[in-house]
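User: Please take a close look at a single part of this model, one strand and the sheet around it. I would then like to see how that part fits into the rest of the assembly.

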Amino acid sequence: MLESVLFQILIGVYRSSYYWLIASGLTLIFGVTRVVNFAHAAFFVLGGYLAFTFFNLTGNFWFSLAAATLTTGLIGIVVERLLLKPLYRVEVLYQLLMTFAISLIINDMSKIVWGLTAQSIPIPSWFKVQIPIFNRFFPAYYVFVIGSSFLTFILLYILINRTMWGLRIRATWRDLGMAECLKINTQRIYALTFLLGTALAGLGGALMIPVSPVGPGLGDHLIITAFIVVVIAGLGNLLGTYISAYIVGIAESVFILFVPEVDILLIYAIMALILMVRPWGLFGEK
Amino acid sequence: MSLSEKAGRRDFIKYLATGVGGLIVGAVIGYGAKPSEVREVVREATVTKEVAKEVTVTKEVPAISKLPKPTVKIGVLGIRSGLWATYGEYIEQGARLAAEEINAAGGILGSNIELSFRDEQADVVKQGRELVEGEKADFLVGVDSSGNALKLGEIMSELNKIFIATHAATHRLTEELVFSKNIKQIFRISVPVYQDGILAAYVAKDLPIRKWAGVNPDYEYGRVSWDFFMKTLKSYRPDAEFVSEQWAKFGTTDFSPFISTVLATDAEGLFTTEWAIELKTLQTQAVEMGLYRKIKAIINPMGYSMDIAYMLGASYPTAEYGTWVSGRYIWPYPPTTVNKEFVERFRRRWGRYPAYSAETTYSAIYLIKYALEKVGTFDIDKLIKAMEGVVIMTPAGPRWIRPEDHQAIYEVPYGRIVHKGAEIPLLENLKVLPAWIYYRHPPFTA
């Protein structure tokens with residue numbers, strides 16, 4: 001029994017890796033630009049689709065992963081500059097509507113470009129190993145995903161907290177007006193944030209596609225969990241978001257094992273409870 | 001005695017008399033209105049003569065050569081957006097092939113079929129209304145989702161057009177809406193959840209395993225199928241045990257926690273009604289997580305749907321006692337000329353083997369053709385009467401439209417997935433049961 005629970009927790013850790021990749025970009029974008037990016041999960045799915053296309057062109061998994069991540073980021077910047085920049089000075093509602101529209105556009109365009117059936121790519125052969133643990137088999141690919149996710153956390157942390165660019169991002173996050181007074185090119189920071197945020201989401205999708213085929217509209221289901229993670233964590237704290245992603249992923253996984261009838265309900269209940277007790281999230285600032 | 005007391009007694013007697021009088025009147029009327037007793041009339045020689053007379057008198061059927069208008073408009077509903085959009089495409093493929101064949105051969109009594117396609121996910125009731133009231137559709141066919149079929153079904157008596165369901169599988173559409181609520185406009189040409197839950201149990205009962213786990217989608221279809229499966233299997237195998245019951249919501253991208261939960265039990269077999277993209281995800285992850293090392297059989301009712309067959313292809317996993325799959329029509333069955341030629345025409349037209357909802361929609365349009373040719377009018381009651389009780393030959397075999405619930409009765413086999421290097425995986429060990437055995441029957445109380 002203990003082994004089952006431990007294995008289930010391990011599965012939860014694996015799922016949390018994807019949640020972190022989506023939530024990190026979401027919270028970064030919101031923190032800096034104050035845009036609630038409803039299209040964020042659509043970028044996640046786009047990353048998966050792009051990985052599929054690059055893999056069909058080159059047959060190389062690593063190249064596809066990198067190219068998909070970068071391309072998603074570039075698409076993110078283009079979208080931000082063209083569609084969101086004009087809306088920064090107006091009411092927040094319009095930005096929300098715009099990101100919602102973007103998610104619909106991306107969804108339907110992917111239907112046109114990649115068709116209606118689910119697409120996937122094969123797992124690279126070195127990862128087609130199953131690691132015996134807790135009396136079961138844990139796919140090596142899952143370990144790779146967990147590792148990649150952790151690596152991005154470390155890299156992002158270093159970027160935000162130990163580099164000049166990170167300093168500028170944090171300054172813009174804290175106080176836009178002051179940052180501009182200090183001659184920080186906030187427009188460039190906005191664009192960079194979008195590049196980073198959407199690239200992270202794209203990486204998530206590209207990592208997922210070998211084990212979970214992507215289809216049009218898959219993002220609609222993921223965005224909810226991403227929001228739950230961000231809300232529980234509170235804004236302004238990368239480590240907080242990382243931990244929150246793990247809380248949600250592991251809780252979800254363990255609930256499925258013990259209370260399969262109400263596992264979805266419980267996640268929402270937890271979110272509601274946290275919002276009632278600490279509306280600024282577990283790790284946010286008041 | 002005071003005046004009021006006297007008055008009270010008088011009133012009482014008055015009311016009593018009225019009551020008794022009323023009872024007498026009522027009794028007389030009731031007795032008079034009583035249906036006459038049925039008396040057996042035995043007429044011997046006279047009866048035969050009369051019968052013979054009736055037989056020789058041929059009913060005058062006016063030669064029907066034209067329909068009242070030059071087009072027959074058919075509204076086609078399917079899922080055209082989101083994760084299951086391929087299924088709407090299959091419905092369209094079947095509808096188009098039927099319409100093209102019929103129009104090329106002169107239409108329905110000279111009238112051309114016109115198709116209008118709508119996305120049932122964009123509020124099915126609104127789409128149904130727009131098709132009938134706006135576009136003046138004469139018939140509605142299609143609908144993938146059980147939930148949508150129930151919603152649309154509720155308004156069909158108001159819209160007063162015939163709706164032939166070609167995919168949605170909930171038994172409630174025919175058992176409740178047609179049989180109990182008398183919404184006679186609804187027909188279903190495709191086999192319902194009897195295929196998914198009941199026949200699946202017939203397959204399961206003969207397998208040398210006892211403990212079953214269920215991973216099913218959390219909505220009407222998933223719940224009902226699992227329920228039928230458990231009840232039917234338990235009645236044939238009292239030793240059967242259901243060790244795990246799990247519900248996955250729509251759009252689940254990761255079945256890993258469900259799979260690991262199944263692994264945590266001592267399940268020997270897995271029953272799952274997951275379909276389309278989620279089925280592919282489930283199968284891919286099941287292989288990766290070593291589920292197939294432990295589970296000895298899998299029963300997946302919609303596992304021979306063509307999107308899955310093409311998506312999984314040669315990597316469709318097989319279990320020791322079989323990966324048992326079926327559909328609402330499977331292209332290799334029955335081995336009739338009608339079916340073989342249909343499959344050929346479909347492959348020439350669309351380049352792939354026909355999906356089950358393509359065949360069902362194709363047959364629905366031919367059923368409409370039959371009814372219109374028989375009655376020569378768009379009169380709803382005449383069309384309904386023409387369809388009820390008809391036996392029509394289709395690629396899936398002969399289908400009898402049962403008059404009580406308007407459900408087409410025909411059988412579809414389960415088979416084991418086998419790889420023979422063909423374009424798609426094939427089926428072996430086809431297990432066929434006459435539809436009478438596994439369909440439910442009116443009055444549907446069991």
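Analyst: A residue counts as buried here if 20 or more other C-beta atoms lie within 10 Å of its own, with C-beta atoms placed from the backbone. The model is a predicted one, and the part chosen is strand 4 of chain B, which comprises residues 162-165.

Strand 4 of chain B is covered on both faces. Ile162(B) and Ile164(B) are buried on one side, and Phe163(B) and Ala165(B) are buried on the other. In a regular strand the side chains alternate between the two faces of the sheet.

The neighbours of this strand come next. Strand 3 of chain B, residues 139-142, pairs with strand 4 of chain B in the parallel sense over four bridges. Within that pairing, Val141(B) has Ile164(B) as its bridge partner. Strand 5 of chain B also runs parallel to strand 4 of chain B, and three bridges join the two. Here Phe163(B) stands opposite Ile186(B), while Ala165(B) has Arg188(B) as its bridge partner. Helix 7 of chain B, residues 172-180, packs on the sheet and touches both strand 4 and strand 5 of chain B. The direction of helix 7 makes about 155 degrees with that of strand 5 of chain B.

These pairings belong to an open sheet of five strands in chain B, with the order 2-1-3-4-5 and parallel pairing. Its edge strands are strand 2 (112-119) and strand 5 (186-188) of chain B, each of which pairs on one side only. Neighbouring strands of this sheet are turned by 25 degrees against each other on average, direction ignored.

Chain B also holds an open sheet of seven strands, in the order 7-6-8-9-10-14-15, and its pairing is mixed. One side of strand 7 (241-248) and one side of strand 15 (426-431) of chain B are left without a neighbour in the sheet, because each stands at an edge with a single partner strand. The twist in this sheet averages 25 degrees from one strand to the next. Strand 10 (residues 323-325) and strand 14 (residues 414-418) of chain B pair in the antiparallel sense over two bridges, and Trp324(B) stands opposite Arg416(B). Helix 10 of chain B, residues 256-263, lies across strand 6 (211-217), strand 7 and strand 8 (269-271) of chain B. Helix 10 of chain B runs at about 170 degrees to strand 7 of chain B.

Beyond the sheets, the largest nonpolar core has 211 residues. Those with the most contacts inside this core are Ile22(A), Ala51(A), Ala226(A) and Val229(A). Helix 1 of chain A gives the most to the core, with 15 residues. Domain 1 (71-191 + 333-410) and domain 2 (194-327 + 413-437) of chain B both give residues to this core, so the core lies between them. Among the residues that Ala51(A) touches are Leu65(A), Ile121(A) and Ile209(A).

The contact between the chains takes 32 residues from chain A and 31 residues from chain B. On the side of chain A, the elements that give two or more residues are helix 1 (2-33), strand 2 (136-139), helix 9 (218-233) and helix 10 (238-258) of chain A. Helix 1 of chain A gives the most to that side, with six residues. By class, the side of chain A that touches chain B has 18 nonpolar, nine polar and five charged residues.

Note on methods
Residues are numbered from 1 along each chain as its sequence is written. Chains are lettered from A and ligands numbered from 1 in the order in which they are written. This is a predicted model: local features need pLDDT of at least 70, side-chain atom pairs count only at pLDDT 80 or more; totals for chains, interfaces and linings use all residues. Two strands pair if DSSP finds at least two bridges between them. Axes are lines fitted to C-alpha atoms, for helices over the stretch in contact, and angles run from 0 to 180 degrees between N-to-C directions. Two residues are in contact if their C-beta atoms, placed from the backbone, lie within 7 Å. Ala, Val, Leu, Ile, Met, Phe, Trp, Tyr, Cys and Pro count as nonpolar, Asp, Glu, Lys and Arg as charged, and the others, Gly among them, as polar. A nonpolar core is a set of buried Ala, Val, Leu, Ile, Met, Phe, Trp, Tyr and Cys residues joined through C-beta atoms within 7 Å. A residue is buried if 20 or more other C-beta atoms lie within 10 Å of its own, exposed if 12 or fewer, and partly exposed in between; C-beta atoms are placed from the backbone. Domain bounds come from an automatic or database domain assignment. Lists of a residue's contacts leave out its neighbours within four places in sequence.
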